[in-house]
Amino acid sequence: MNTFDLYYWPVPFRGQFIRGILAHCGCSWDEHDVAAIEGLMDCGAEKQPVAFMGPPVLIDRERNFAISQMAAIAIYLGERLDILPTTVEGRTLSAKIVNDANDVLDELTLNGGREMWTREKWQEFVPRLQKWIRIFADTGARNGLSAASGFMLGTEKIGVADIVTAILWTTVADRFPAIKGLIEDTSPIIWGLSRRVVATAPLAALNSKSFEEYGNAYCGGEIEKSLRKVAS
């Protein structure tokens with residue numbers, strides 16, 4: 001029996017961070033189909049494994065523990081699997097990076113598709129996206145990160161902050177050529193780190209599996225269609 005259950009849509013979006021952490025640590029997990037996810041969402045809060053509005057949801061069978069919200073899951077797994085920094089400052093910065101990544105996803109999808117992208121909106125957004133890239137780059141640079149070596153928080157090995165950073169930028173870059181060019185031009189440091197991390201065997205395997213299972217999908221829905229019109 002696998003140790004974890006993950007409830008998340010069949011796309012490499014918010015839940016991909018959780019898949020990446022699990023894969024990096026050599027964990028096994030079961031994923032559930034859309035019908036199972038929707039069934040869980042339709043339950044009353046008192047019947048859910050943890051009261052939640054939408055996925056991702058992680059169940060740790062070994063600990064009999066369930067948690068929702070991407071950032072909370074990422075930090076839980078970081079603690080559980082011992083891939084967070086040892087200091088409270090480092091763990092706090094890890095949480096900050098995870099929440100920054102979550103904010104980037106919200107902005108790329110205009111808060112879950114409440115609006116659709118137009119050429120004008122995208123051009124106005126590009127400087128802000130570049131600022132986000134620089135925010136990640138500055139965080140790493142303050143901790144000795146370079147394109148060829150080092151990690152986001154100056155740790156000796158890959159941690160949650162590195163996995164989340166790498167998956168954030170490579171997943172979108174691999175599916176949207178215009179965004180890939182922006183990342184490469186704006187921060188060779190972040191692009192170098194991201195490619196180094198996703199080239200590790202577990203994450204490379206996850207990336208290949210994701211393309212096999214989800215094709216070129218990113219976030220799905222009408223918002224992905226509108227993003228493709230401006231960023232492909």
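Partly exposed here means a relative accessible area between the 20% that bounds buried and the 50% that bounds exposed. Keep that in hand for the cysteines below. The model is predicted.

**Stop 1: the cysteines.** Select cysteine 25. Its relative accessible area is 26%, so cysteine 25 is partly exposed. Now add cysteine 27, which holds the closest cysteine sulfur. The two sulfurs are 5.4 Å apart, too far for a bond. A disulfide needs the sulfur atoms within 2.5 Å. How many disulfides does the count come to? By this rule, 0. Move on to cysteine 43. At 30% relative accessibility, cysteine 43 is also in the partly exposed class.

**Stop 2: the annotated N-terminal region.** Select residues 2–85. UniProt lists this stretch as "domain: GST N-terminal", in an unreviewed entry. Colour by secondary structure: residues 2–85 are 37% helix and 18% strand. Put a distance between the end C-alpha atoms of this stretch, and the viewer should give 26 Å.

**Stop 3: two domains.** Now colour by the domain assignment. Domain 1 takes 4–81 and domain 2 takes 88–231. Their C-alpha centres lie 21 Å apart.

**Stop 4: the interface.** Show the residues where the domains touch. On the domain 1 side, 19 residues are in contact with 27 residues of domain 2. Together the two domains bury about 2,100 Å². Carbon and sulfur atoms account for 74% of that area. How many salt bridges are counted between domain 1 and domain 2? The count is 2.

**Stop 5: a salt bridge.** Select arginine 14 and aspartate 106, and show side chains. They meet in a salt bridge, with N to O at 3.2 Å.

**Stop 6: helix H3.** Select residues 70–80. Is H3 largely enclosed or largely open? It is largely enclosed by the rest of the structure, because 8 of its 11 residues are buried. Highlight the buried set: Met70, Ala71, Ile73, Ala74, Tyr76, Leu77, Gly78 and Arg80.

Next, bring up what these residues pack against. Three strands are there: E1 (4–7), E3 (57–60) and E4 (65–68). So are three helices: H1 (14–24), H4 (88–108) and H7 (160–173). Compare with the domain colours: domain 1 covers 4–81, while domain 2 covers 88–231.

**Last stop: the end of H3.** Step along the chain to aspartate 82, which follows H3. Check the backbone there: phi of aspartate 82 is positive, near 60°.

Technical notes
Residues numbered from 1 in each chain as written. Predicted model: local features only at pLDDT ≥ 70, side-chain atom pairs only at ≥ 80, totals over all residues. Heavy atoms only, no water. Buried < 20%, exposed > 50% of the residue type's maximum accessible area, 1.4 Å probe, protein only. UniProt positions renumbered as here; feature names shortened; annotations may be inferred. Helix = DSSP H or I, 4+ residues; strand = E, 2+ residues; numbered from the N terminus. Domains from an automatic or database assignment. Contact = heavy atoms within 4.5 Å. Buried area = accessible area lost by both parts, 1.4 Å probe. Salt bridge = Lys/Arg side-chain N within 4 Å of Asp/Glu carboxyl O.
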